[in-house]
Amino acid sequence: MARFIDRVVLHTQAGNGGHGCASVHREKFKPLGGPDGGNGGRGGSVILVVDASVHTLLDFHFRPHAKATSGKAGQGNNRAGSDGEDLVLRVPEGTVVFTEKGELIADLVGEGTELVVARGGRGGLGNSALASKARRAPGFALLGEEGESCDIVLELKSVADVGLVGFPSAGKSSLISVLSAAKPKIADYPFTTLRPNLGVVEAGGVTYTIADVPGLIPGASQGKGLGLDFLRHIERCAVLAHVVDCATLDPARDPVSDVEALEAELAAYIPSLDSDTGLGALRDRPRIVILNKIDVPEAAELAEFVRSEFEKQGWPVFSISAVAQKGLRELSFALAKLVEEYRAAHPKETRRRQVIRPVLAKEDEFTVTPDPSIEGGFIVRGTKPERWIRQTQFDNDEAVGFLADRLNRLGVEDKLLKLGAEEGAAVTIGGVTFDFDPQTPAGKDHILTGRGTDIRLEQTHRVAAHERKFAKRVRRGLVDAPEDAPIVGSSSHGLSEVDPRLEESSAEDTSTDERGGDE
């Protein structure tokens with residue numbers, strides 16, 4: 001049996017960008033081939049597209065995870081990686097996209113309307129694209145960015161011209177079954193209809209659709225019964241038809257009180273698509289009253305008695321019998337007239353024109369705030385700094401030096417100094433924590449060293465932890481200081497700096513030798 005699914009939660013994951021390639025051209029008789037690493041490919045995006053041939057969200061109910069393919073890594077010989085393939089998900093017209101918190105993202109109406117819900121990550125640059133006058137043969141490449149991921153809620157709001165509303169067992173399903181070729185479930189107990197039924201009616205050369213909404217009860221606008229789940233299906237209906245049960249056996253109900261109760265619920269319900277549909281609130285839509293079940297003699301008498309009450313409000317009133325098929329022709333032509341008037345005032349919406357609204361680029365902006373979890377630490381937030389962190393290979397000193405140059409040009413180091421950051425302060429950018437070292441000469445001309453290395457990271461006046469421990473043991477006399485022992489003040493990378501005292505003694509020895517030579 002076919003199932004009607006009108007609300008699903010979709011977990012989307014865009015593809016990651018491919019990593020750039022760090023390669024050097026090697027060819028016979030060309031000793032200095034230069035860098036030739038290609039760029040990584042762009043990751044695929046997840047895109048929703050309106051398709052008129054799709055009528056339900058059933059596919060996403062059984063397959064709630066949507067993941068696009070990732071881009072390929074770049075290769076040598078300037079070969080760029082292939083882009084990931086976009087994942088196109090076809091949804092029915094009338095699909096509304098919300099965030100998990102219920103915030104409206106888009107209302108998808110019109111054949112071919114597209115929405116990118118998760119954008120693919122950028123591909124990393126290869127070392128060929130990173131070559132510059134100062135850095136002729138980079139020994140590193142940039143990593144590809146991760147694709148966006150998000151959980152969205154898809155809700156299907158039926159696109160129908162006429163919405164049938166009424167209490168349970170008012171005869172709505174019977175009416176739509178005789179007016180159209182729809183075959184809904186019909187039974188003699190309340191809430192037989194658990195999903196909206198759509199039918200197509202043709203009258204006087206006008207073709208229109210009717211939506212049979214499950215029965216409403218007082219409090220439906222507050223979520224009682226099945227109200228909130230199905231009131232949204234009449235948000236797009238241009239005409240609302242009250243189907244009234246004139247043969248009810250409930251002594252506490254009558255046609256006038258039934259319509260008043262439903263009108264109160266329609267007035268209390270606030271459609272989420274007022275600004276998109278242009279139809280306004282439900283209480284302002286055209287009305288028509290259908291007095292059903294007049295094949296019962298008592299019901300026919302009651303229908304004639306209450307007719308004047310509805311006509312006072314200016315609503316068209318029709319007495320019918322869905323079972324005996326009485327008064328259906330007049331009703332179908334009256335509905336066709338109302339629908340035709342609506343269509344004349346509201347032309348059919350086609351694919352929405354793409355509107356490009358330039359947005360002021362603020363990627364260069366960043367903020368530096370104190371870190372509440374680390375005393376004396378700081379947190380740097382910004383589009384560019386966080387992106388650069390994701391693109392950096394931290395096991396490559398040259399890539400780290402390149403990151404330091406980019407952050408310095410952006411003004412991060414100057415901002416930290418203005419805020420009183422001291423040497424060794426913990427600075428967190430994009431989830432990665434660094435030790436602030438203002439003595440590292442970032443932003444200066446790059447000194448040529450081995451590929452994948454940066455001599456600036458090896459030049460530091462800070463004493464490493466193992467050197468402090470060894471010096472402490474020497475002072476306590478626990479160990480003897482050998483001649484080749486690391487000098488306190490040497491770098492943590494094992495490249496010892498010259499002790500100033502040794503420089504002085506070396507200078508004295510040199511001057512003594514010179515005097516001796518003169519003599």
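L108 has just 2% relative accessibility in this predicted model, so with a cut-off of under 20% for burial the residue counts as buried. L108 belongs to strand β6, the run covering residues 104-108. Setting aside the neighbours within four places in sequence, the contacts of L108 take in L48 and V50, then V91, E93, G94, T95 and V97, and finally T113 and L115. T95, one of these partners, sits 13 residues from L108 in sequence, yet the two C-alpha atoms are 5.4 Å apart in space.

Next come the cavities. Counting those of 30 Å³ or more gives two. The largest cavity comes out at about 50 Å³ in volume. Its lining is made up of G166, F167 and A170, followed by H242, V243, V244 and D245, with R253, D258, V259 and L262 completing the list. Sorted by class, the lining of the largest cavity breaks down into six nonpolar, three charged and two polar residues. As for secondary structure, two elements each give at least two residues to this lining: strand β12 (239-245) and helix α5 (255-268). Of the contributions to the lining, the largest share belongs to β12, with four residues.

On the annotation side, the unreviewed UniProt entry carries a "binding site" feature, and that feature covers S173 and T193. Such annotations may be inferred rather than shown by experiment. S173 can be placed in helix α3, which spans residues 172-179. With a relative accessibility of 10%, S173 falls under the 20% cut-off and therefore counts as buried.

The cysteines make for a brief story. The model holds zero disulfides. Two cysteines can still be described by their accessibility. C21, at 15% relative accessibility, counts as buried. C246, at 4%, counts as buried too, because that value is also under 20%.

Put together, the picture has a few separate parts. In strand β6 there is L108, a buried residue whose contacts include L48, V91 and L115. Around the largest cavity, β12 supplies four residues of the lining, among them H242 and D245. In helix α3 there is S173, buried at 10% relative accessibility and covered, along with T193, by the "binding site" annotation from the UniProt record.

Notes
Residues numbered from 1 in each chain as written. Predicted model: local features only at pLDDT ≥ 70, side-chain atom pairs only at ≥ 80, totals over all residues. Heavy atoms only, no water. Buried < 20%, exposed > 50% of the residue type's maximum accessible area, 1.4 Å probe, protein only. Disulfide = S-S within 2.5 Å. 1 Å grid on protein atoms, 1.4 Å probe; cavity = no way out; pocket = protein on both sides within 12 Å on 5 of 7 lines; lining within 4 Å. Points joined across faces, edges and corners; volume = space filled by probe spheres on them. Nonpolar A, V, L, I, M, F, W, Y, C, P; charged D, E, K, R; others polar. Contact = heavy atoms within 4.5 Å.
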